[in-house]
Amino acid sequence: MTPATIELAFPSMGSDVRLLATPSPGPAGERRARRLLDDARAWIEHYARALSRFHDDSELCALNADPRRVVPASPLLRAGVEAALWSAERTGGLVDPTLVAAIERAGYVASRAGLTPAPLADALAQAPPRRPARPHPAAPWRAVRVGEQAIERPPGLRLDTGGSGKGLAADAVAHRLAGLPRFVVDCGGDIRFGGTDADGAPQPIEVEHPLTGGVADALEIGPGAIATSGLNVRLWRTRDSRHAHHLLDPSTGEPAWTGIVGVTAVAPTALEAETLAKAALLSGPARGRSWLREHGGLLFDEHGGVQAVGPLAGGIPVGAGDLSRYRTAAA
C-alpha cells in the first residue's frame with residue numbers, strides 16, 4: 001500500500017506555500033517526512049523574513065540602507081542576491097532586481113498579501129498602448145558584486161530579491177527533501193517536484209487562466225519545475241485612479257503592458273522557470289515565445305488566447321530522461 005501524502009500549508013513570502021511529501025513505508029518513514037516538512041517550513045519562514053523588503057529589520061533592508069559600498073552579508077543574503085543577479089544575466093537585464101524605487105513609486109510599498117487585486121479587465125481597458133519591455137540601458141544591476149563574505153554595490157542602489165526569491169526558496173527546499181520518494185514544493189506558484197520515485201509518476205498540475213480564473217490547461221510534470229507569472233495577482237489602483245502591477249519595464253520604471261497577461265514556464269529549476277515566465281511576459285506576444293522554446297510553456301494574451309510553446313506545443317511527452325518531462329491535456 002502506498003503511504004498517504006502528507007501536506008503542510010502556510011502563508012509566507014506574501015503568498016501561500018504548500019509542501020507535499022510521500023513518505024517511505026512504515027511509521028519511521030512518516031515521522032521522517034513530517035520532520036523534514038517541519039524543518040522546511042522553519043527554513044522558509046526564516047528565509048522570507050531575512051530577504052523581505054517590507055520589514056525594516058530584515059537583512060535585505062539593512063543592506064539597502066547601508067551607506068557603505070561593501071557590506072558584510074550572511075550566506076543566505078548573498079545567495080538571494082546571487083539568484084537575482086543570475087535572473088538579470090539570464091535575461092539580459094529584462095528581469096531587473098534594482099527597481100525598488102520604481103515599484104514604490106507605482107504604489108507597491110507594503111506587502112499586498114491578503115488584499116483583493118483590482119479587476120484585470122478594468123486595468124486592461126484603461127492601460128496605455130502595448131509595447132514590449134526593454135532592459136535599462138545603464139544596466140545598474142551589473143554594478144552589484146557578491147563576494148565570499150560581502151556584497152558590493154553603489155551606495156543607494158537598492159535590491160529586491162522578491163521575484164527570484166520564491167524560485168530560489170523552492171529549489172532550496174527541494175534539495176532538503178530530495179531523499180523522500182516524492183515531494184512537491186509550491187512557493188506561491190513557483191513549483192518544484194521530485195523525489196527518488198518521481199520519474200515513474202508525473203505530477204498533475206492545473207494552470208489557472210489569468211482572465212477567467214478557471215483551469216486553462218492541465219500539465220503533468222516530471223522531476224523539474226514550473227512557474228507562473230501574471231498580472232492578475234498583484235494589481236491595484238493608484239492614487240491618480242490608474243492601474244499598476246508589480247512587473248515593471250526596466251527601461252521606463254513603469255508597469256509593463258505588453259499584450260501578455262500571464263505566462264507559465266517549465267524548466268529544470270524553479271529559479272529558471274520563474275525567470276523565463278517573467279521574461280516572456282515582459283517581452284510581449286512577438287518575443288515571448290522565444291523564452292519558452294527550449295523547455296515549454298503557455299502564453300496567455302489579453303484577449304483570452306492561450307499559446308502552447310516548445311515541447312508543450314505538440315501535446316506529447318518529451319524524452320523520459322529529461323528533467324522537465326510533461327504533457328498537456330486538451331485546453
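**View 1. The residues around the largest cavity.** In this predicted model, S87, V95, G163, S164, E274, T275 and K278 line the largest cavity. Sorted by class, the lining is made up of one nonpolar, four polar and two charged residues.

**View 2. The cavity itself.** Here we look at the empty space that those residues enclose. Rolling a probe the size of a water molecule over the atoms shows where empty space is left. One cavity of 30 Å³ or more is found in the structure, and the volume of the largest cavity is about 30 Å³.

**View 3. Helices beside the largest cavity.** Two helices to look for are α6, spanning 162-176, and α7, spanning 270-292; each supplies at least two residues of the cavity lining. The most comes from α7, which gives three residues to that lining.

**View 4. The largest nonpolar core.** Now we turn to the buried nonpolar residues. The largest nonpolar core contains 75 residues, and L19, I44, V173, L177, V185 and V263 have the most contacts inside this core. Helix α7 appears again here: eleven residues of this core, the largest share, come from α7.

**View 5. A closer look at L177.** L177 is one of the residues with the most contacts inside the largest nonpolar core. Which residues does L177 touch, leaving aside residues up to four places away in sequence? The partners are L36, L37, F183 and V185.

**View 6. A separate core.** Another core, of 14 residues, lies apart from the largest nonpolar core. Among its members are L60, L85, A139 and V144, which make good starting points for finding this core in the model.

Key:
Residues numbered from 1 in each chain as written. Predicted model: local features only at pLDDT ≥ 70, side-chain atom pairs only at ≥ 80, totals over all residues. Heavy atoms only, no water. 1 Å grid on protein atoms, 1.4 Å probe; cavity = no way out; pocket = protein on both sides within 12 Å on 5 of 7 lines; lining within 4 Å. Points joined across faces, edges and corners; volume = space filled by probe spheres on them. Helix = DSSP H or I, 4+ residues; strand = E, 2+ residues; numbered from the N terminus. Nonpolar A, V, L, I, M, F, W, Y, C, P; charged D, E, K, R; others polar. Core = buried A, V, L, I, M, F, W, Y, C linked by side-chain atoms within 4.5 Å. Buried < 20%, exposed > 50% of the residue type's maximum accessible area, 1.4 Å probe, protein only. Contact = heavy atoms within 4.5 Å.
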